[in-house]
Amino acid sequence: MSLAQDLAPKPDDDEAGEIIASLHAVADRTPYPVDALGDLLGSAASAIAETVSAPLPIAAHAVLAVAAFAAQHKGNVLMDGRTIPLSLFLLTVAESGDRKSACDNVASAPLSQWQREKVREHVQALQDYQNARDVYDTERKAALSDKKKPKAEMTAALREEAPPELPPEPIVICQEPTLEGLQRSFKLGFPSQALFSDEGAQFFGGHAMNPDNMQKTIAGLSKYWDGSPIVRTRAAQGESATLYDRRLSIHLQVQPIVAQAVLGNPLLMGQGLLARFLIVEAATLAGTRFYKQTNPLEHPAVVRFHARVADLVAFVPDTHEGGGLNLPTMRLSLEAHNVWVDFYNATERALLPGATLERVKPSASKAGENALRIAGIFAVLESTGEVTGGQMERACILIAHYLQMTLRSEQLNDATLLQRNLMDVLAWLKGRSGKRATIAEMQKEIVPTKHRISVAHIRSLMALLVTGMAAKVVGVNNRGEPSAWEVVA
């Protein structure tokens, strides 16, 4: 067996190969803590997973995404004078055929029904608007043609008669938007919207994320997550706008091969967009999903969840003159505050050099805020009025799970990079005369072309190749350290 085969991850093995695992202990893929979602959300997620025969993380994210959208127009969480939105950005990684769409369709059924009703109402609202506009235009034209009225009196009369407002567009759940499309939708539609797609590859590989637009899209979506004003500047008259108090929740579902490209994208990582996402990876259930006659929409837990979501989305939020949300604030109980502070401090300590979460600093730095958001969503869905200690504990359990899975993904990425570097060095050695090289030669010829490989890293790689019996030491320096290696035939 070749070294590449020795180091490659086994199909049913969560480790990245025996040698690599000895250096990087990969975090276990632990079960999704569905109980932390609480009775309402957790029971619905479990019921959907059971009746659809889908992995639990897929169903849990479908439920949590719907809950975030239903809650985000109901308030903010207040923390130390800061208002924290209730929006969530979620990413689900699962193989094709693992019933991502089925879970999403069941969880979001009340949203789909609400949107259908809004589309139907919009047809009549447009007709009413056009009739009112015709009357307004006629009266305005008559007023302007009255030469007998003084100009000041005419201006005052026109000011009192405001033109009718165009009814908002009814679409609130987008699937393949550009940043400009989202901005337009927020301007002409509802101030609370969602980007839900079971084909996340179409978003990450589409117009919004092409090389010309990626930087702009990343910055724009990060602002949506933050709840910052949306600024749209255009040359055309009437196209520029600054939109305040809008809310957006995102749930994208992608296959592992797409996730690998997305999660490894340096721009997405460096700009902090991925750190805002809560990510789960679901192990497939294919081969075990034998037929059973069930209707997930009739399961009592799903019916109860749907009824609560329907009540929330039917609520007409208070808006200000600019069309943005006037959001009330929810406070943390004393117990919830103490739980959050303990979680925040524990997460911060784990960011010290060499500590557990150092490798996932961007995501860990957002952990405290994401915990506040989830706890706030619980408070809205469960009608507690304030964030309770129990809700905050459950939110922290969920965020701890997400951090562990993010750490696991990064460790596996490290292992994959290590494998690539090992193969690069081994191939380079095999191409040299005598299939050998000194550390000085490697410093000169490898480091300039393999910018990710430091001199210290070369020594570590060679130690692994020696351990794997793919190379042997053929020289040492005056300190007794290996300084030259040769490929083993």
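Me: What is the strand order of the open sheet, and is the pairing parallel or antiparallel?
Reply: In this predicted model, the open sheet has five strands in the order 4-5-8-3-9, and the pairing is parallel.

Me: What makes strand 4 and strand 9 edge strands?
Reply: Strand 4 (173-174) and strand 9 (277-281) each have a single partner strand, so one side of each has no neighbour in the sheet.

Me: How do you know that strand 3 pairs with strand 9?
Reply: Pairing requires at least two bridges between the strands. Strand 3 (residues 89-93) and strand 9 are joined by five bridges and run parallel, so the requirement is met. Within this pair, Phe89 is opposite Phe277 of strand 9.

Me: Which residues make the contact between helix 4 and helix 5?
Reply: The axes of helix 4 (residues 56-71) and helix 5 (residues 100-107) come within 9 Å and cross at roughly 35°. Helix 4 contributes Ile58, Ala59, Ala62, Val63 and Val66, while helix 5 contributes Lys100, Cys103, Asp104 and Ala107. Seven of these contact residues are nonpolar, none is polar and two are charged. The crossing is right-handed.

Me: Why is the space beside Phe277 and Tyr402 called a cavity?
Reply: A cavity is a set of points where a 1.4 Å probe fits but cannot get out, and the space lined by Phe277 and Tyr402 is classed as one, so the name applies. The count is one cavity of 30 Å³ or more, and the largest cavity holds about 60 Å³.

Me: Which helix gives the most to the lining of the largest cavity?
Reply: Helix 18 does, with four residues. Strand 9, helix 17 (367-381) and helix 18 (389-430) each supply at least two. By class, the lining has eight nonpolar, three polar and one charged residue.

Technical notes:
Residues are numbered from 1 along each chain as its sequence is written. This is a predicted model: local features need pLDDT of at least 70, side-chain atom pairs count only at pLDDT 80 or more; totals for chains, interfaces and linings use all residues. Side-chain values use heavy atoms; hydrogens and water are left out. Axes are lines fitted to C-alpha atoms, for helices over the stretch in contact, and angles run from 0 to 180 degrees between N-to-C directions. A crossing is left-handed if the near helix is turned anticlockwise from the far one by less than a right angle, and right-handed if clockwise. Contact means heavy atoms within 4.5 Å. Ala, Val, Leu, Ile, Met, Phe, Trp, Tyr, Cys and Pro count as nonpolar, Asp, Glu, Lys and Arg as charged, and the others, Gly among them, as polar. On a 1 Å grid over the protein atoms alone, a cavity is a set of points where a 1.4 Å probe fits but cannot get out, and a pocket is an open set with protein on both sides within 12 Å along at least five of seven lines; lining residues have an atom within 4 Å of a point. Grid points are joined across faces, edges and corners, and a volume is the space filled by probe spheres set on the points.
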